[in-house]
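Before turning to the details, please look over the sequence and the model shown here. The report then moves from the chain as a whole to individual elements.

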Amino acid sequence: MPAPSQMLRSRPVIVWLSSHVLRLMCRHARELSPLENGGILLGWRSGEYDIVVDLRGPGPCALHGRHSFIPDHAWQVSEINRAFEASCGDLDYLGDWHSHPDGIAEMSDLDSATLLRIARRVNAPLMLIVAGSGADWSPQCWKGQLAGPLLWRRLVAAPQELKVFDPSAAWPGSSTVIGAASDPHKIS
Ligand SMILES: [Zn+2]
């Protein structure tokens, strides 16, 4: 019988990231640099694949620091519900994204704590970090899973293979404009 840690190890998946989403994410990151920016990833799961076709920005009440980012959670929840209904259930929440301006795309202790908190509510959430400066940003993605006995749940954050693709224009999310209408950081 395999050890519990092996039984609970997350299966590797490929995360397919729409080029549209990557472009918007880098634009969001660039716009607030050197402050962090972030938001949520929307898409669907299909077997071994997570397919990210849309995103939302920080929301109007988010807080941005040099090494921290607190999203507008209430706004994000309403955006998730809105996207889910508008796409007849095709688009759902897949995870969070945020930027590391002038940094590297690695999970900080704070990021691990955030992913653990999300993993307690959502099955196998993604955390995508886009790091860089100026016009040069690159993404890395992790998937969070809970492991260990019930009272000692810990996070296993496994790096995911990330592939960028050009979405079909007919897919949900491929023409969505990011950010809230009332977002003071809205990118034009
Ligand atoms: Zn971070």
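What follows describes the overall fold, then strand 6 and its partners, and then two of the helices. The model is a predicted one.

**The chain as a whole**

The chain holds four helices and nine strands, and their order along the sequence reads α-β-α-β-β-β-β-α-β-α-β-β-β. Of its 188 residues, 36% count as buried. Among the contacts with a separation of 6 or more, 68% are made by residues 24 or more positions apart.

**Strand 6 and its partners**

Strand 6 (92–101) is mostly covered, with nine of its ten residues buried. Two pairings of this strand are set out below, each with one pair of residues that face each other as bridge partners or stand opposite.

| Partner of strand 6 | Sense | Bridges | Example pair |
|---|---|---|---|
| Strand 2 (residues 38–46) | antiparallel | six bridges | Gly38 opposite His98 |
| Strand 7 | parallel | seven bridges | Gly95 with Leu126 |

Between strand 6 and strand 7 the chain passes through helix 4, and the β-α-β crossover formed in this way is right-handed.

**Helix 4**

Helix 4 spans residues 109–119, and its buried residues are Asp111, Thr114, Leu115 and Ala119. These buried residues lie on the same side of helix 4, because the arc they cover around the axis is only 135°. Asp109, Leu110 and Ala113, by contrast, are exposed on the other side of the helix. The cover over the buried residues of helix 4 includes strand 7, strand 8 and strand 9, so named here with strand 7 as the strand that the chain reaches after passing through this helix.

**Helix 2**

Helix 2 comprises 14 residues, 19–32, and extends 20 Å from its first C-alpha to its last, which is close to the 20 Å expected at 1.5 Å a residue. Its buried residues are His20, Val21, Leu22, Leu24, Met25, His28 and Ala29. Covering these buried residues are elements that include strand 1 (14–18), strand 3 (49–56), strand 6 (92–101), strand 7 (126–133), strand 8 (136–147) and strand 9 (154–165). Strand 6, which contributes to this cover, is the strand that also pairs with strand 2 in the antiparallel sense and runs parallel to strand 7. Strand 7, strand 8 and strand 9 are named in the cover of helix 2, and these strands are likewise named in the cover of helix 4.

How values were computed
Residues are numbered from 1 along each chain as its sequence is written. This is a predicted model: local features need pLDDT of at least 70, side-chain atom pairs count only at pLDDT 80 or more; totals for chains, interfaces and linings use all residues. Helices (H or I, at least four residues) and strands (E, at least two) are DSSP runs, numbered from the N terminus. The expected span of a helix is 1.5 Å times one less than its number of residues. A residue is buried if 20 or more other C-beta atoms lie within 10 Å of its own, exposed if 12 or fewer, and partly exposed in between; C-beta atoms are placed from the backbone. Two residues are in contact if their C-beta atoms, placed from the backbone, lie within 7 Å. The arc is that of the directions from the helix axis to the C-beta atoms. Two strands pair if DSSP finds at least two bridges between them. A crossover is right-handed if, with the strands pointing away from the viewer, the path from the first strand over the helix to the second runs clockwise.
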